[in-house]
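Q: Could we go through the pockets of this protein together? I would like to start with what lines them.
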Amino acid sequence: MLPDAPWRLREGLAQLNAALGADNARYVGGAVRDTLLGLDVTDIDIATRHAPEDVVEIVRRAGFKPVPTGIEHGTITVVLPSGPVEVTTLRRDVSTDGRRATVAFTDDWREDASRRDFTMNALYADPLTGEVIDYFGGLDDLAARRVRFIGDPLRRIAEDHLRILRFFRFLARFGDAPDTAGLAACTERARDLMALSRERIADELLKLVVARDAVRVLTMMIDRGILLPVIPEIDAAGVARVEALAAREAAQGIAADPIRRLAALLPADPAINEAVGARLKLSNARRKRLASAIQPVGSEGARALGYRIGIEGAVDRLLLADGDARAITDWQPPALPIGGGALVQRGVARGPDVARLLRRVEDRWIAEGFPDAARIDAIADAAVAQFLESESNRNA
């Protein structure tokens, strides 16, 4: 039985299930799996026998907004007062090429379950009774913390090569021991990853590196050459750096972050860093952060670093450099309590000298630990006096 969980009481969910009708709707996938594991659930997926166009009409009649986010694949996002829920028509694969599938709709629950990747992801639950429906031994695998493909692993990988990385990600998040047939198939077909878009690879890798057992699973992947065809720059030394970083994050009470973990996983070489970021087609913001993370910390201190480059970037650098980031995790950098106009009022002529002098004042303010407005006035007075004196001597 599906245990009681807060998400099952979300506003509008009971009305949606009632509108879809008895035995025409079941919870499926992550919501069922994670509830059985005692984990928090954020995303709710409902499988239904209704055709996508019928779902749209049913949802509208029930008073909710349907959004056809993936209607060609059978998925309608239903906007409830408590947030979105995805409703997907039961499907079967017509054809696959390792990257995408052509699907047809069905009304057969088992046929829908058979096209899913792992047994723990093919668990359904009746919304009313909470009864869990398990076609392929997923409950036993979940109890054993075993990630197991449905059916022949090689066939499932041939259908979608990304399942290789998903196997390891799920193993890092949920598994205690790998299914031997699945592990052997992933190892044998590792070169299939080369056919995937780098965006899909990046998405799985960034989820994997922050999973609870990332270090053990990454080690397993390196030993078996899983990443060699697509990211050969990642090696055992990188995994050791991630292990050290994870220990510092835990010791300092700082949540794991995927870009920070990726920075540790890669050699601290700007050229490699840039090449991998480009190859994975990371966003410009993520590539910039990846490059910043491997830069030296400097000698100014954690708060000075946080003020100059931002808290997120400073935490990255400090943790990667075996530093202590706790002084800035809950710190809000102050704004410089003086502007260029105050220097002009003190006698500095408008122009580039104002900007240069303001930077000098700011540097002193940072070095003194961000003192209050009274002290910044004194710092500005001294800086302006020194500047005017030097200008007077130069013009004499």
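A: Certainly; please keep in mind that this is a predicted model. In the lining of the largest pocket, α7 gives the most, with 5 residues.

Q: How much space lies in the largest pocket?
A: The largest pocket holds about 1,200 Å³ of space.

Q: And which elements give two or more residues to its lining?
A: For the largest pocket, these are α2 (30-36), β2 (45-48), β5 (83-89), β6 (91-96), α7 (163-174) and α9 (198-208).

Q: How many residues line the largest pocket, and which lie nearest its centre?
A: The lining has 40 residues. R91, R116, D117, N121 and R166 lie nearest the centre of the largest pocket.

Q: How do the residues of that lining divide into nonpolar, polar and charged?
A: In the largest pocket, 24 lining residues are charged, 8 are polar and 8 are nonpolar.

Q: Let us change pocket. What volume does the second largest pocket have?
A: Its volume is about 280 Å³. The second largest pocket is lined by 14 residues, and S114, R115, R155, R156 and E159 are the closest to its centre.

Q: Which element supplies the largest share of that lining?
A: That is β6, which supplies 5 residues to the lining of the second largest pocket. At least two residues each come from β6, α4 (109-114) and α6 (153-159).

Q: What about charged residues there?
A: The lining of the second largest pocket contains 8 charged residues, along with 4 polar and 2 nonpolar ones.

Conventions:
Residues are numbered from 1 along each chain as its sequence is written. This is a predicted model: local features need pLDDT of at least 70, side-chain atom pairs count only at pLDDT 80 or more; totals for chains, interfaces and linings use all residues. Side-chain values use heavy atoms; hydrogens and water are left out. On a 1 Å grid over the protein atoms alone, a cavity is a set of points where a 1.4 Å probe fits but cannot get out, and a pocket is an open set with protein on both sides within 12 Å along at least five of seven lines; lining residues have an atom within 4 Å of a point. Grid points are joined across faces, edges and corners, and a volume is the space filled by probe spheres set on the points. Helices (H or I, at least four residues) and strands (E, at least two) are DSSP runs, numbered from the N terminus. Ala, Val, Leu, Ile, Met, Phe, Trp, Tyr, Cys and Pro count as nonpolar, Asp, Glu, Lys and Arg as charged, and the others, Gly among them, as polar.
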